[in-house]
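Reader: I would like to learn how to read a ligand site and the pockets of a model. Where should we begin?

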Amino acid sequence: MITAVRMPESAEAAAEAAARGGRVMAGGTVVMAEVNTGPVADTELISLRHAGLSGITVNEGVARVGATTTFAELRSGLGFLSEAIRTLASPTIRNLATVGGNLFVPQPYGDFAVCLLALDATVEIAEGQETPIAEWNRRPGEIVTAVRFAVPREGTWFYHKAMRRKLNSAAIVTVAAVVDRDTVRVALGGVAPGPVRSPAAERVLRGQELTRDVLDAAGEAALADIDPRDDAYASAWYRRRVLPVHVRRAFQNEEA
Ligand SMILES: Cc1cc2nc3c(=O)[nH]c(=O)nc-3n(C[C@H](O)[C@H](O)[C@H](O)COP(=O)(O)OP(=O)(O)OC[C@H]3O[C@@H](n4cnc5c(N)ncnc54)[C@H](O)[C@@H]3O)c2cc1C
């Protein structure tokens, strides 16, 4: 049962509090639901609200997004992400839900974590270390302070999410990609225990014009890189079945 709420006023103080134990909370869209509905092992909440971790800066094409930046703030701050953020939860949730919190929610949530994988982002933690997101594993008590990524050139960013409803619906399949002259990165959500890259789809796309045939081949190839599960939104069978179509749609900028 929660008996105390700490409100540290810096990343360092938050990290110290987290190291002593307790449940870290940012927007609370997931944590508060747990606190309100079930037994919670921790007795302390460590709120990041006053830890000074929000804000977006862009320097020489590289964006740094503070961990407690909400999706509403991010949507107005970085235009290329607007469509991706539109598919995440609902306006009410986006006013609270944070970029840092999205790194920890289990699939089939974590749409922004899929974007960060496609963007080859780095994750910054309180001690100042920065790790590529593809190699990063959260250690207990660690506080994420920011994420950093190069803003893709116009026309090189692709995103598509298949979901059951327009609002508050986890992913059946999420596809995020950067395809530029020397760069091909395709990341998938909803189709494995965590967000995954698809090296097989990337091989098909590299150096090719994005024609219908190439996109269909990339979608089929992506099946080699997934490990989907059944959940309330879709069965593993269905996710396999529809993945190739949604990979193609990501590049044709079609709505779900
Ligand atoms: C109705 C509803 C619909 C949703 N729809 C979507 C959706 O479509 N797509 C999607 O991706 N998600 C969705 N979510 C999940 C969730 O709201 C978001 O993923 C959100 O980004 C979580 O952020 P938060 O700040 O609220 O996290 P919190 O609830 O505060 O925390 C979540 C977890 O992250 C940890 N944490 C948070 N910040 C940090 C930090 N800086 N450092 C270390 N640990 C941290 C917490 O300890 C906790 O374990 C939905 C949630 C709800 C309730």
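Author: Begin with a definition: a residue counts as near a molecule if one of its heavy atoms lies within 4 Å of it. The model here is predicted. In this model, 33 residues surround the ligand, and the closest are V24, T29, T98, N102 and D111.

Reader: How do the residues of the shell around the ligand divide by class?

Author: The shell has 17 nonpolar, 11 polar and 5 charged residues.

Reader: Which polar atoms of the protein lie opposite nitrogen and oxygen atoms of the ligand?

Author: A polar contact is a pair of N or O atoms within 3.5 Å. An N or O atom in the side chain of D111 is 2.7 Å from a ligand nitrogen. For V144, a polar backbone atom is 3.0 Å from a nitrogen atom of the ligand. The side chain of K161 has an N or O atom 2.9 Å from a ligand oxygen. On its own the ligand has 970 Å² of accessible area, and the protein covers 92% of that.

Reader: Which pocket does the ligand take?

Author: The ligand takes the space of the largest pocket. That pocket holds about 840 Å³ of space. Its lining counts 39 residues, with T29, V30, G101, N102 and V105 closest to the centre. Two or more lining residues come from each of β2, α2 (31–37) and α6.

Reader: What is the volume of the second largest pocket, and which residues lie nearest its centre?

Author: The volume of the second largest pocket is about 370 Å³. It is lined by 17 residues, and L103, I133, W136, G194 and P195 lie nearest its centre. By class, this lining has 11 nonpolar, 5 polar and 1 charged.

Key: Residues are numbered from 1 along each chain as its sequence is written. This is a predicted model: local features need pLDDT of at least 70, side-chain atom pairs count only at pLDDT 80 or more; totals for chains, interfaces and linings use all residues. Side-chain values use heavy atoms; hydrogens and water are left out. A polar contact is a pair of N or O atoms within 3.5 Å; within protein, one must be able to donate a hydrogen and the other to accept it, and residues adjacent in sequence count only if both atoms are side-chain atoms. Accessible areas come from the Shrake-Rupley method with a 1.4 Å probe; for residues, only the protein chains shown count as cover. On a 1 Å grid over the protein atoms alone, a cavity is a set of points where a 1.4 Å probe fits but cannot get out, and a pocket is an open set with protein on both sides within 12 Å along at least five of seven lines; lining residues have an atom within 4 Å of a point. A molecule sits in a cavity or pocket if more than half of its atoms lie within 2 Å of its grid points. Ala, Val, Leu, Ile, Met, Phe, Trp, Tyr, Cys and Pro count as nonpolar, Asp, Glu, Lys and Arg as charged, and the others, Gly among them, as polar. Grid points are joined across faces, edges and corners, and a volume is the space filled by probe spheres set on the points. Helices (H or I, at least four residues) and strands (E, at least two) are DSSP runs, numbered from the N terminus.
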